[in-house]
Amino acid sequence: MDRNAGILMPISSLWSEYGIGTFGKAAYEFVDFLKRCGAKIWQILPLNVTSFGNSPYQSPSNYGMNYYFIDFEILIEKGLLTKEEVQSINWGKNSSRVDYGAIFANKLNVLRKAYSRFDKDDENFKKFLETEKNYSDFSVFMVIKDHQNLKPWYEWDEKLKKYSSQIEQTVKTKYKDEYSFYMWTQFEFLNQYFALKNYANSSKIKIMGDLPIYVAFDSVEVWKYPELFELDERHYPKRVAGVPPDMFSTTGQLWGNPLYNWEYHKKSRYKWWNARINSALALYDLIRIDHFKGFSDYYAIPYGDKTAERGVWVSGPGLDLFKDKLNLPIVAEDLGLIDAKFLKLMNDTGYPGMKIVTQAFDDDDPKSVWRPSNYTKNFFSYTATHDSATTRQFIDNLDEESKIRLLNVMEKECEYFDIPFSKKFSNEDLTYKICELNFVNKAKTAIVPIMDLFAFGKEARINFPSTLSDDNWSWRMDEKIFKENQKEKIDLLTRWIDNSERD
């Protein structure tokens with residue numbers, strides 16, 4: 001079988017001295033780890049700059065890259081910073097959590113110091129300033145934000161609320177150095193990122209990126225290109241995105257992102273979306289498109305509602321958007337509500353979807369599509385996702401009846417795949433068996449989140465959807481734990497990958 005295997009590890013979750021994961025030494029060590037395991041894919045979360053709530057899925061810019069990931073050690077090597085300047089700052093007291101307050105208070109100030117020593121006559125940077133329109137949009141937006149006390153654009157001074165070319169030109173001339181600084185953060189980000197990506201690719205490891213379907217209301221796209229969205233005369237959303245009530249949420253999920261004006265996109269032959277997808281594929285070797293259901297039908301909630309209960313389903317662009325993109329390396333996130341119309345879109349595009357092994361234990365139906373023994377090839381198989389409990393946490397939280405069902409289903413699945421199993425296994429051992437089931441099924445690619453490879457529990461959960469919490473997006477791998485257990489995990493993952501390649 002021609003199969004791939006990989007690990008999900010957010011950049012922010014890498015270890016470092018400076019409060020958050022970066023494109024520095026730890027990232028290169030992680031690539032080496034993947035290579036030694038035989039893994040071929042490093043899946044990451046969106047690299048977009050974040051805002052309130054720190055979610056990479058609620059970004060003020062589709063193109064603006066997260067300067068938090070710029071590595072200080074690389075800047076020190078370039079002579080733009082000294083060790084004393086970065087080590088004298090408190091980047092957070094907990095090595096297992098990103099202290100976003102400390103990062104917010106200090107990172108940009110340190111980057112400004114580095115920029116002050118950067119050669120502004122660098123030919124590559126001058127070319128970047130002249131040619132990179134998308135990063136220019138982001139930089140203009142951020143300069144105005146700084147001067148408007150970081151308020152969202154719809155709370156700016158009246159003369160700034162509606163974009164004009166005159167406003168943009170004023171920013172670039174009157175605040176030239178500030179504008180140039182934000183452009184430099186994007187320039188430096190891309191240099192560091194592509195150096196890392198090239199290193200990974202040279203080890204035959206692909207970077208799998210993540211493309212959120214929506215942008216935030218407080219974004220440069222909504223401010224500058226309102227025609228792209230379903231807005232009223234004030235440029236406020238008419239309706240916003242979310243998902244309806246279900247067994248997990250009695251009031252649904254109210255995301256609040258403005259919805260797209262699909263009629264406009266169709267008339268423009270999807271120019272903006274084409275550019276967006278092409279840009280993502282220039283960054284990554286393959287991409288996962290989040291909430292792919294939204295292209296078949298999207299859930300529209302009246303703007304101003306406090307819950308998602310009054311939303312309605314509206315038809316999306318469907319295959320019309322993707323008919324000239326059928327052979328691109330795209331993975332469609334197809335979790336959640338699945339209906340005939342969405343299944344047709346998945347079949348028409350041919351994109352692989354996703355399977356989550358832990359969902360196989362919700363019932364004891366032998367025909368369940370979530371059972372690994374029933375997977376077909378055109379899927380990416382996971383133990384869990386960044387939005388769910390870790391696999392160990394999932395097991396730890398089971399009541400007695402659910403635990404019995406899990407053991408019974410696992411026994412049958414392990415028997416099917418000829419994997420040793422015992423109902424007396426510890427929860428840690430059960431976690432590893434679920435990981436093994438993730439690798440031996442027929443799905444074309446198996447991905448294990450790093451927290452499942454280490455059988456971490458609730459402390460390592462990445463996100464709790466529809467909540468605002470300091471725990472969201474903040475988990476970090478402890479360097480000592482990673483390195484002390486590295487050989488054991490390499491042996492374990494190597495065995496799973498080897499087993500996955502058997503016919």
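This passage describes a sheet and the cavities of a predicted model.

The sheet is open and has 4 strands. Their order is 5-4-7-8, and the pairing is antiparallel. Strand 5 (253-258) and strand 8 (312-315) stand at the edges. Each has a single partner strand, so one side of each is left without a neighbour in the sheet. From one strand to the next, the twist averages 50 degrees. Strand 7 covers residues 297-302 and runs antiparallel to strand 8. The two are joined by 4 bridges. Within this pairing, Tyr 299 has Trp 313 of strand 8 as its bridge partner.

Cavities of 30 Å³ or more number 6 in the structure. The largest holds about 160 Å³ of space. Its lining comprises 19 residues. Closest to the centre of this cavity are Ser 12, Pro 46, Pro 56, Phe 69 and Tyr 100. The lining has 12 nonpolar and 7 polar residues. Charged residues are absent from the lining of the largest cavity.

The second largest cavity has a volume of about 130 Å³. It is lined by 14 residues. Asn 62, Met 65, Leu 211, Ala 280 and Leu 283 are the closest to its centre. Two elements, strand 3 (206-211) and helix 12 (271-283), each give two or more residues to this lining. Helix 12 gives the most, with 4 residues. By class, the lining of the second largest cavity has 9 nonpolar, 3 polar and 2 charged residues. Charged residues thus occur in the lining of the second largest cavity, whereas the lining of the largest has none.

Definitions and conventions. Residues numbered from 1 in each chain as written. Predicted model: local features only at pLDDT ≥ 70, side-chain atom pairs only at ≥ 80, totals over all residues. Heavy atoms only, no water. Pairing = 2+ DSSP bridges. Axes fitted to C-alpha atoms, helices over the stretch in contact; angles between N-to-C directions. 1 Å grid on protein atoms, 1.4 Å probe; cavity = no way out; pocket = protein on both sides within 12 Å on 5 of 7 lines; lining within 4 Å. Points joined across faces, edges and corners; volume = space filled by probe spheres on them. Nonpolar A, V, L, I, M, F, W, Y, C, P; charged D, E, K, R; others polar.
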